[in-house]
Amino acid sequence: MATQANPLTVTTRTERGKGAARRARRAGNVPAVLYGRGTDPQHLALPSLEFAAILRNNGTNAVIELDIEGTKQLALTKQVDVHPVRNYIEHADLLVIKRGEKVTVEVNVVVEGDPQPGTLVIQDLNTVEIEADVMAIPEQIVVSVEEAAIGLTVTAADLELPDGVTLITDPEILVVAVNEAPTEEDLEAELDQDLLPDAEGEGESEGDEASAEGEGDESASEGDSSDD
């Protein structure tokens, strides 16, 4: 849980568009937009290495104290777009905030511990939405399944939240369940079922192909007569 903002010196961007964004990234910066609280959006360039380190140490809801060419502004990381293949930060959205206010954010749910033998842990929900003070946003919510038995269910209402944090997600939604682990026979039977041919589907497929061939022949005949 962050108790102080992460300082970051940034610059403003005057160029816009995809070409300008590519040039900014080549120069070691992350294109970003700062907005909120009735202010005009500001287009910024964040130093990529320093910004990545802040996210790595504080999570995706990092609070940053921006130094925008001499002007200080507190901001919350609202959205980070990462390249799906090369894994670098492509763009970031930052939200203008002030100390003492509360914000609504999504926080990761992490399952820890070893349940009893013969069980299978299913996590149905990876994040929950909460409301918290901007300087007291938890990095994650932990669910312990240590020595958990078959039949254990954890709903959003069962999550242990830090003081001052309010749950926004539907409290009845299932987060984690501990079920009976499938036996080797169950897995083999499921595999055998998946390998069975779909006779009905194959028959329909052959019929469809024959029909399609017939239609193709008719179309070809019509095409020949029109060419004449």
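User: Happy to be looking at this with you! Where does Asn87 sit in the chain?

Analyst: This is a predicted model, so we are reading a computed structure. In it, Asn87 belongs to no strand of its own but to a connecting stretch, the loop between strand 5 (71–82) and strand 6.

User: Is Asn87 buried or exposed?

Analyst: The relative accessible area of Asn87 is 62%. A residue counts as exposed when that value is over 50%. Asn87 is therefore exposed.

User: What is the phi of Asn87?

Analyst: Most residues other than glycine have a negative phi. Asn87 is not a glycine, yet its phi is positive, at about 65°.

User: Which loop holds Arg37, and what is the phi of Arg37?

Analyst: Arg37 is found in the loop between strand 2 and strand 3. Arg37 is a residue other than glycine, and its phi is a positive value, near 55°.

User: Which residue forms a salt bridge with Arg37?

Analyst: Side chains of opposite charge can pair when their charged atoms come close. For Arg37, the closest N and O atoms of the pair are 3.2 Å apart, and a salt bridge needs them within 4 Å. The partner is Glu101.

User: How many residues apart are Glu101 and Arg37?

Analyst: Their salt bridge links distant parts of the chain. Glu101 is in the loop between strand 6 (89–96) and strand 7 (102–112), while Arg37 is in the loop between strand 2 (29–36) and strand 3 (39–47). Along the chain they are 64 residues apart.

User: And which of the words buried, partly exposed or exposed fits Glu101 and Arg37?

Analyst: Glu101 has a relative accessible area of 18%, so Glu101 is buried. Arg37 has 48%, which falls between the limits of 20% and 50%. Arg37 therefore counts as partly exposed.

User: Let's move to helix 2. Which residues of helix 2 are buried?

Analyst: Helix 2 covers residues 48–58. One of its buried residues is Phe51, at 0% relative accessibility. The buried residues of helix 2 are Phe51, Ile54, Leu55 and Asn58.

User: Why do the buried residues of helix 2 line one face?

Analyst: Picture looking down the axis of helix 2, with Phe51, Ile54, Leu55 and Asn58 as the buried residues. They line one face because, in that view, they fall within an arc of 95°.

User: Which residues are exposed on the other side of helix 2?

Analyst: To count as exposed, a residue needs over 50% relative accessible area. On the other side of helix 2, the exposed residues are Leu49, Arg56 and Asn57.

User: How far apart in space are Phe51 and Ile64?

Analyst: Phe51 lies in helix 2. In sequence, Phe51 and Ile64 are 13 residues apart. From C-alpha to C-alpha, the distance is 9.3 Å.

User: What separates the C-alpha atoms of Val154 and Val175?

Analyst: Val154 is part of strand 11 (residues 153–155), and at 10% relative accessibility Val154 counts as buried. Val154 and Val175 are 21 residues apart along the chain. Their C-alpha atoms are separated by 5.6 Å.

User: One last stop! Which helix gives the largest share of the negative patch?

Analyst: The surface carries a patch of negative charge where Glu180, Glu184, Glu185, Asp186, Glu188, Glu190, Asp192 and Asp194 gather. Glu185, one of these residues, counts as exposed at 55% relative accessibility. The largest share, 7 residues, comes from helix 3 (residues 184–195).

Methods. Residues are numbered from 1 along each chain as its sequence is written. This is a predicted model: local features need pLDDT of at least 70, side-chain atom pairs count only at pLDDT 80 or more; totals for chains, interfaces and linings use all residues. Side-chain values use heavy atoms; hydrogens and water are left out. Patches are made of residues with over 30% relative accessible area and no salt bridge: like charges are joined within 9 Å, nonpolar side chains (Val, Leu, Ile, Met, Phe, Trp, Tyr) within 5 Å. Accessible areas come from the Shrake-Rupley method with a 1.4 Å probe; for residues, only the protein chains shown count as cover. A salt bridge is a side-chain nitrogen of Lys or Arg within 4 Å of a carboxyl oxygen of Asp or Glu. Lys and Arg count as positive and Asp and Glu as negative; His and the chain ends are not counted. The place of a charge is taken as NZ of Lys, CZ of Arg, CG of Asp or CD of Glu. Helices (H or I, at least four residues) and strands (E, at least two) are DSSP runs, numbered from the N terminus. Buried means under 20% relative accessible area, exposed over 50%, partly exposed in between (1.4 Å probe, protein chains only). The arc is that of the directions from the helix axis to the C-beta atoms.
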